[in-house]
Amino acid sequence: MTRDLRWAFLREASFGAVVWFGLCLSSFLPGIHRGIIEILFLLAPWMVVPLGVSLLAARRPSRSLLIASWMIPPAAALVTASFFVERSLLAACLASSWVLVCLVLVWDACGRLWISKGRAFVEFCFAMGEGYLLVAALWLVASRAGLHAFGFREPIVLLTAVHFHFAGFASAVLVALTYDKLSYTAWTHILGIAAVGIVCGPGVLGLAFLAGPKSKLAAALLIAASQFGLAAGMFRVGLAGRLSARLLLGVASVSIFLGMLLAASWAIGEYPLQPFVDMRQMAEFHGVLNSMGFAICGLLGWQFAAPTRSERREVNA
């Protein structure tokens, strides 16, 4: 079941890549232009989530993941359709299909925590990542409904959905795998601290936006510092892997390092309300680096990386 379920998600990600590139090309056509934030978001349901969940299925397949594999393609199609109508109740209903997928993944997260009894740090990171998907889905529905959630307007509402897909889900999966791979080495403590910052950071940053500029600056710098640790860890994993893993994890490490430099610059500039990087530049540069360079290359790199310690123990058992 493990291999079949994993390959089911990989097939969905491959199909999603074709659809997403088609959406990119169609955005240049008159009348159906989509902005860069919308295009980057659609990368999540079509590729990032299937790739990430395939790695979860390789660790612990479950009935919840099997159900999710059936639901993701039609839900991604409905989410895409929601971006081709005006923000309205109809668009929100189309996007709410993604909430159902994320609820199934949250159920899988509960199963992980129950089976591990809260003692397996790696499973905790996976479960947090799956939980962040539900937060992202709710913000997506708010965006397509045209709601000003907590007083925030567009593009902040949609960017929050983007943030919890990439900085929440993808980062949690990648840091969990990296920590497990390099556990019982000199990297253990560094990656453990980075993992805590990464799995807690997105939630802390979301609350910091409500608390004020000082809290927002501190949360953004916490995430940036944690991601630097993850970048170093993934680069180290890549050095010991085959060529494909080495290249992909190397690109992911460099991308997140550069992307976090931009994020830190934006956060520091936001504090005195004189941003060094505006929102459009953040979407164009940080967004592309974080989505294409970090999330896609990182998740693909782990498909080619050697099994982690936990996976080897499960195989031997």
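These notebook entries record what I looked up in this structure, which is a predicted model.

**Entry 1: the chain as a whole**

I began with the secondary structure and found 11 helices and 0 strands in the chain, so that, on the way from the N terminus, every element in the run α-α-α-α-α-α-α-α-α-α-α is a helix. I then turned to burial, where I noted that 55% of the 317 residues are buried. For the surface I wrote down an exposed area of about 14100 Å², with carbon and sulfur atoms supplying 71% of it. Last in this entry come the contacts: taking those between residues at least 6 apart in sequence, I found that 77% join residues at least 24 apart.

**Entry 2: cysteines**

I asked how many disulfides a search of the whole structure finds, and the result was 0 disulfides. A disulfide is a covalent bond between the sulfur atoms of two cysteines, so I went on to look at sulfur distances. For Cys200 the closest cysteine sulfur is in Cys125, at 8.7 Å, which is too far for a bond, because a disulfide needs the two sulfur atoms within 2.5 Å. I also checked accessibility: Cys200 counts as partly exposed at 33% relative accessibility, whereas Cys24, at 16%, counts as buried.

**Entry 3: helix α2 and its partners**

I looked at how α2 (residues 36-59) packs against α5 (residues 121-145), and noted an angle of about 155° with the axes 12 Å apart. That angle makes α2 roughly antiparallel to α5, because angles over 145 degrees count as such. On the α2 side the contact is made by Phe41, Val49, Leu56 and Arg59, and on the α5 side by Val122, Glu123, Phe126, Glu130, Leu133 and Leu140. The crossing of α2 past α5 is left-handed.

I then took α2 with α6, where the axes come within 10 Å and cross at roughly 25°. These helices are therefore roughly parallel to each other, since the cut-off for that is an angle under 35 degrees. For this pair, too, I recorded a left-handed crossing.

**Entry 4: the loop between α5 and α6**

Which residues does a cis peptide bond join? I found Glu154 and Pro155 joined in this way, with omega at about 10°, and I placed Pro155 in the loop between α5 and α6.

Leu147 also has its place in the loop between α5 and α6, the latter helix covering 156-181. I noted Leu147 as partly exposed, because its relative accessible area is 48% and the exposed class begins over 50%. Once neighbours within four places in sequence are left aside, Leu147 is in contact with Ala142, Phe152 and Val157. I also looked up its separation from Ala92, which is 55 residues away in sequence, and found 9.9 Å in space from C-alpha to C-alpha.

**Entry 5: Gly293 in α10**

Is Gly293 buried or exposed? With a relative accessible area of 9%, Gly293 is buried, because the limit for that class is under 20%. The residue lies in helix α10, which covers residues 279-304. Leaving aside neighbours within four places in sequence, I listed Val251, Ala252, Ser255, Val288 and Gly298 as the residues in contact with Gly293. For Gly293 and Ile256, which are 37 residues apart in sequence, I noted a C-alpha to C-alpha distance of 7.3 Å.

Note on methods: Residues numbered from 1 in each chain as written. Predicted model: local features only at pLDDT ≥ 70, side-chain atom pairs only at ≥ 80, totals over all residues. Heavy atoms only, no water. Helix = DSSP H or I, 4+ residues; strand = E, 2+ residues; numbered from the N terminus. Buried < 20%, exposed > 50% of the residue type's maximum accessible area, 1.4 Å probe, protein only. Contact = heavy atoms within 4.5 Å. Areas by Shrake-Rupley, 256 points an atom, 1.4 Å probe, with all protein chains shown as cover. Axes fitted to C-alpha atoms, helices over the stretch in contact; angles between N-to-C directions. Parallel < 35°, antiparallel > 145°, perpendicular 65-115°, else oblique. Left-handed = near helix turned anticlockwise from the far one by under 90°.
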